[in-house]
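Q: Please take a close look at how the strands of this model are paired. I would like one connected account that goes strand by strand and names bridge partners where they are known.

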Amino acid sequence: MSEKNLETNGEENFAELFEAFQSESNDNLQVGDQIKGTVISITKDSVFIDTGSKVDGVVDRDELTDEEGELTVKEGDSVELYVISMNNNEIVLSKAMSGAGGLNMLREAYENKVPVEGKVAETCKGGFRVMMMHRKVFCPVSQIDTSFVEDAEAFVGSTHNFQVIKFEENGRNIVVSRRVLLEQEQEKAREQFMQDVQPDAVMEGKVTKLMPFGAFVELTPGVEGMVHVSELSWSRSAKPEDIVQPGDDVTVRILSMEPRKDGKGLKIGLSLKQLQNDPWDEVGDKFKAGDKISGTVVRCADFGAFVEIAPGIEGLVHVSEMSYTKRVHKPEDEVSPGQEVAVMIKEIDPVKRRIGLSMKDAAGDPWMDMADTFKVGQEVEGTVENRAEFGIFINLAPGITGLLPMSRITRSGKQAELEALKPGDKVTISIEEINTADRKVTLTAGEAKKDDGDKDWKEYAKSAPKKPAPRKSAPKTSSTTSSSGGSGGSGGFGGLLGDKLQEAMKNKK
C-alpha cells in the first residue's frame with residue numbers, strides 16, 4: 001500500500017473516530033435536559049457529576065440527602081438530574097428546577113416539561129396556592145395526588161416537585177400538577193414490576209383501603225393489587241374489616257396480572273388465604289359426630305341452611321333437622337344469614353367435605369321428658385293450633401301437640417264452647433291417653449254427658465202415650481175359656497215400651 005493510501009486511510013479513520021466521539025458527547029446540552037451521569041467526586045457542599053460533555057456538572061449536596069441528612073449516593077453511582085443552568089465553566093444540575101429563576105425559567109420548564117420544585121402555601125377554592133420561584137401558582141386539588149384527597153390541609157407546608165401544565169397570559173395564569181409526575185413514576189414502577197414479578201410469587205404489601213368486596217394492597221409504590229373477599233380468608237362469613245385494617249402489613253400470593261382495559265396500570269389479583277392451611281385438612285381432629293357447637297348461618301337453600309362451624313368449615317342443616325317443635329317448610333322462616341345458631345354434628349365426611357348438622361337435636365327432643373311432664377288424667381292448659389273435621393289440635397308445650405277428637409267434643413258438657421274455639425285460643429283440657437312411641441296424645445274436655453238407659457227410660461216414660469189397662473179376666477168356669485188374656489204377654493205394654501225405647505236410642509245415636 002502506498003504512503004498516499006495510508007495517509008488517506010488514516011484521515012478517514014480519524015474523521016470517523018472524531019464523529020463518533022462527538023455523537024457520544026453531551027456538548028449540545030440545553031437547560032431543561034435530563035441527563036444520566038456518574039458521581040465523580042463529593043465535597044462538603046457539592047457533588048460533581050460526569051455529564052458526558054467537556055464540562056462536568058455540579059449539584060448541591062443537600063439535594064442528594066435523605067430525611068436524616070445522610071448522603072444517598074457515593075462515587076461511581078449513576079444519577080438522573082436536570083440541567084437548570086450552564087456556562088463554559090460549569091453545568092448546574094438539580095433533581096428539579098428550583099430557586100430563583102423567574103418567569104422565563106417557568107416558561108422553559110413548561111415548554112420542556114421539566115419538574116419544578118414548589119411549596120404548598122395555602123388552600124384555596126378548588127385547590128392550592130403553591131410558591132414556585134417566588135411566584136404563586138395554582139394546583140387543582142385533583143392534581144396534588146393520584147388518589148382522592150380527603151384532608152386538603154394536610155398538604156399545606158409540604159414541598160414537592162410539580163410539572164407546569166398551563167402557562168398563559170404571559171405568566172399570569174400558571175397551573176401546575178404533582179399528579180402527572182407521580183403517574184410517570186408509577187408507570188415506570190409498573191413496567192419494572194411486570195419484568196421482575198410473575199404470578200404465584202409471594203410478596204409483602206401494605207393494606208391501603210377496604211371495600212365491601214375486598215382489600216387493596218400496595219405491593220410497591222404505584223402498584224396496587226386487590227384481595228377479593230373470597231381470597232381474604234377460608235371463612236365465607238367474614239367481612240374484610242374482620243380480617244385486615246388499612247395500614248396492616250400483609251403477605252400475599254399473586255394470582256394474576258394483566259393490563260387494565262383502560263390502559264391505566266395493572267389489574268393484579270392477590271390472595272391471603274392461599275398462604276394459610278386448608279381447614280378441611282384438620283377437620284377430623286377438631287370435630288366428631290355428637291359434638292354440640294355454635295355456628296353462623298352463611299346462606300339458605302330450598303332444602304336447608306348452610307352453617308359455618310369454623311373458618312372455612314360449613315355444614316348443612318336439612319330443613320327436617322331444624323325443629324322438633326314445629327314443621328318447617330322454608331329455612332328462611334326459621335333462620336337468616338348471619339344468625340348464630342346451636343347445632344349438633346350428625347355425621348362428617350372429610351373426603352367429600354360434607355358435614356350433616358341438626359338444630360333440633362342440639363335443642364333437645366321434648367318427647368324425651370314427656371313421661372315426667374304429663375300424666376294420664378292430668379288437667380292442663382293448651383293453645384289451639386288448628387281445627388280439622390275429626391278434631392282440634394292443641395299445643396300443650398313446645399313440640400308437644402295433642403288431639404281433642406270430635407267424638408269427645410260431642411260427648412262433652414261444653415260442646416258449644418269447644419266448637420267455638422279458634423287458633424290461638426287458650427283452653428283447659430285433660431289428658432286421656434299418651435302414646436310416646438307414636439308421639440300421640442289424646443285429649444278430652446269436661447265431663448261426658450250421661451248416656452245410661454235409666455235416663456233414657458225416664459225421659460221416654462214421661463212423653464210416652466198412656467195405654468188403657470187390660471180388663472180383668474172373668475172367673476174360670478168349667479164351660480168357658482177367655483181368649484183375650486194375651487194382651488199382657490210379650491205384646492203388652494212392657495214389650496211395646498222396650499221396642500219404642502230401642503228405636504228412640506237408635507235415632508239418638
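A: What follows goes through the strand pairing and then turns to some charged side chains.

The model is a predicted one. A suitable place to begin is the pair of strands β7 and β8. Strand β7 covers residues 127-132 and strand β8 covers residues 135-140; they pair in the antiparallel sense, over six bridges. Two of the facing positions can be named. Phe128 stands opposite Cys139 of β8, and Arg129 has Phe138 of β8 as its bridge partner. In general, the side chains of a regular strand alternate between the two faces of the sheet. The hairpin of β7 and β8 has two residues between the strands, and Met133 takes a positive phi there, near 55 degrees.

On its other connection, β7 pairs with strand β6, residues 116-124. This pairing is also antiparallel and runs over five bridges. Here Lys119 stands opposite Met131 in β7. The hairpin of β6 and β7 again has two residues between the strands, and in this hairpin Gly126 has a positive phi near 85 degrees.

A further antiparallel group is built around strand β11, residues 202-211. Five bridges join β11 to strand β12, residues 214-220, with the two running antiparallel. Within this pair, Lys206 stands opposite Glu218 of β12. The connection from β11 to β12 is a hairpin through two residues. Strand β11 is also joined by five bridges to strand β14, residues 249-259, and this pair runs antiparallel as well. Its named partners are Glu204 and Thr251, the latter in β14.

Closed barrels come next. One has five strands in the order β1-β2-β3-β5-β4, and its pairing is mixed. Neighbouring strands of this sheet are turned against each other by 55 degrees on average, direction ignored. Inside this barrel, strand β2, residues 46-50, runs antiparallel to β3 and is joined to β3 by four bridges. Ile49 stands opposite Gly57, which lies in β3.

Another closed barrel of five strands runs β16-β17-β18-β20-β19, again with mixed pairing. For neighbouring strands of this sheet the average turn against each other is 50 degrees, direction ignored. A parallel pairing in this barrel is that of strand β18, residues 313-318, with strand β20, residues 354-358, over two bridges. Val317 stands opposite Leu357 in β20. As a general point, strands of a sheet pair through backbone hydrogen bonds, either parallel or antiparallel.

Some charged side chains complete the picture. Between β3 (57-60) and β4 (78-86) there is a loop, and Glu70 has its place in that loop. Glu70 gathers with Asp66, Glu67 and Glu68 in a patch of negative charge on the surface.

Opposite charges also meet in this model, where the count of salt bridges comes to 14. One of them links the side chains of Arg179 and Glu183, with an N to O distance of 2.9 Å. Arg179 and Glu183 are four residues apart in helix α3, residues 179-196, so about one helical turn separates them.

Conventions: Residues numbered from 1 in each chain as written. Predicted model: local features only at pLDDT ≥ 70, side-chain atom pairs only at ≥ 80, totals over all residues. Heavy atoms only, no water. Patch = residues over 30% accessible without salt bridge, like charges linked within 9 Å, V, L, I, M, F, W, Y side chains within 5 Å. Areas by Shrake-Rupley, 256 points an atom, 1.4 Å probe, with all protein chains shown as cover. Salt bridge = Lys/Arg side-chain N within 4 Å of Asp/Glu carboxyl O. Lys, Arg positive; Asp, Glu negative; His and termini not counted. Charge placed at Lys NZ, Arg CZ, Asp CG, Glu CD. Pairing = 2+ DSSP bridges. Axes fitted to C-alpha atoms, helices over the stretch in contact; angles between N-to-C directions.
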